[in-house]
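Biologist: I would like to take a close look at a single part of this protein, going slowly enough for a first-year student to follow. Could we begin with the charged side chains?

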Amino acid sequence: MLLCGIDVGTSSIKVSIVDAAKQTVLFSCSFPETENEISSPQPGFAEQDPAHWWYCTQQAILKGNASGAYNPLDIHAIGISYQMHGLVVMDENLKVLRPSIIWCDSRAGSLGEKASLALGEAYCQSHLLNSPGNFTAAKLAWVKENQADIFEKIRHVVLPGDYIGAQLTGHLTCTPSSLSEGIFWDFKQNQISTELLAYFGFSRDLFPTIQPVFSDHGQILPEMAESLGFNEYVKVTYKAGDQPNNALSLGVLEPGEIATTAGTSGVVYGVSDELKFDQGNRVNSFAHVNYQDSLRRIGVLMCINGTGIMNRWLKQNFFPNSSYQQMNELASQAEIGSKGLIVMPFGNGAERIFQNRVIGASFQQLDLNRHQSAEICRSVQEGIAFSLVYGIELLDKVGITPQRLKAGLANMYLSPVFSQSIVNAAQIAVDLVESDGAMGAALGAGIGIGYFNSPKEAVAKLKIKRTIEPDLKYADETAQAYSNWKNFLPA
């Protein structure tokens, strides 16, 4: 029994083939080799072409098949993880009508704020668990208000993973989890919010059939099976946003467990059995992958848009001939605190932790006589790490207090400077697990097809590769560096 996991990321599409019995990855690859770009036709805009996601998905699958590491005819189920909050709109023929307005786009914030005022703070917090803010519902409202000709043609509103699933199966579905991340889901009524639809003037018919996250989301089309080398009986049996899926991939399923990632964006994600909300709307709550009306599991998410993308920007513009590993080694040559050089990494759209304000990235206290390439590399990694530590403090204010973190051994967590900076500043250990989003999506498919009896069983064999404990020798220096960094936070 082999399982295929597809992770539709912002930078690339990753595919992993997992042996279900051993819960191990047989082969994993990404496409394209270079990182996908984000189109920004106007300040604050962030878009990507769904057709390009689909092209990259097919190429990644074919690349894996060509490896010879497995027989693609042994694959029984497909799971899909995807970048959250993206808006994909299609006509009656499932043709995409415009580029996807993705998660870090800032254009719809004012429309979300107006909706929050009209619906009332009490309703938004107790029913939606969030303000409509800058999420998918507000993005659809922006299309309605600014591109009326396109809005009139819309027959289907979905998120990125639903789109990829439809390309594979010709069938559209959604889940309470995906609807909640779009701020369409009413947790009190356990249905799409009729009040929100009425306010924005959206028809319920725009949304596809609602199914559990772990379920039959459609059998692969014969022509897709042939072109991708799969059997025709293969089904899509799991779809989830990248952060709930990442939590699954790390075994974070029950109250008190905490996951963290640092890819393009940075996230700390805790699980609660209560309908938690943040009165300041800086931290957000969504239905977790194992959410049921009878068993409430809420993912409480703190997101920093500008994390790994800041490190990517540094590499592309100043270290184009260096690898990320070489940059990590360079960062380790600088002292803690980077000789006073401070980086604010918030240059990727409106930041939720600042109530959807656009802050911008910046270098502070740059000294042309003291700061060289090592300090520049370290200051970027420290700035990203400290932003996540600040987010952990915000989570504590809504009752999510991490005692230990779990992260995949990937992305920024491959850097010793970054990892140790978080651990020392927050004084919380991090377990680095041999897992990632594509593996998690594959395991999710195994749950959906019934191979595993429960999510807990699906992740029972995950291995911790490394644990990073706080280093008391450098605790004071790191605490001082973090305090200096906080002095430059916006009021």
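Biologist: Is Lys339 buried, partly exposed or exposed, judging by its relative accessibility?

Modeller: Please keep in mind that this is a predicted model. In it, Lys339 counts as partly exposed, because its relative accessibility is 31%, a value that falls between the limits of 20% for buried and 50% for exposed. The side chain of Lys339 meets that of Glu375 in a salt bridge, with 3.8 Å from N to O. Since Lys339 sits in the loop between α12 (324-331) and β18 (342-346), while Glu375 belongs to helix α13 (residues 373-396), this pair ties together parts that are 36 residues apart in sequence. The partner, Glu375, counts as buried, because its relative accessibility is 7%.

Helix α13 also holds another pair, Glu382 and Arg378, which are 4 residues apart and therefore separated by about one helical turn. These two form a salt bridge whose closest N and O atoms are 2.9 Å apart, and both Glu382 and Arg378 are buried.

To set this part in its wider context, the structure holds 18 salt bridges. Among them is the one between Lys235 and Asp216, with the closest N and O atoms 3.0 Å apart; Lys235 lies in strand β13 (residues 235-241) and Asp216 in the loop between β12 (209-210) and α9 (222-228), so this pair ties together parts that are 19 residues apart in sequence. Elsewhere, Glu47, Arg98, Asp105 and Arg107 are linked in a network of salt bridges.

Key. Residues numbered from 1 in each chain as written. Predicted model: local features only at pLDDT ≥ 70, side-chain atom pairs only at ≥ 80, totals over all residues. Heavy atoms only, no water. Salt bridge = Lys/Arg side-chain N within 4 Å of Asp/Glu carboxyl O. Helix = DSSP H or I, 4+ residues; strand = E, 2+ residues; numbered from the N terminus. Buried < 20%, exposed > 50% of the residue type's maximum accessible area, 1.4 Å probe, protein only.
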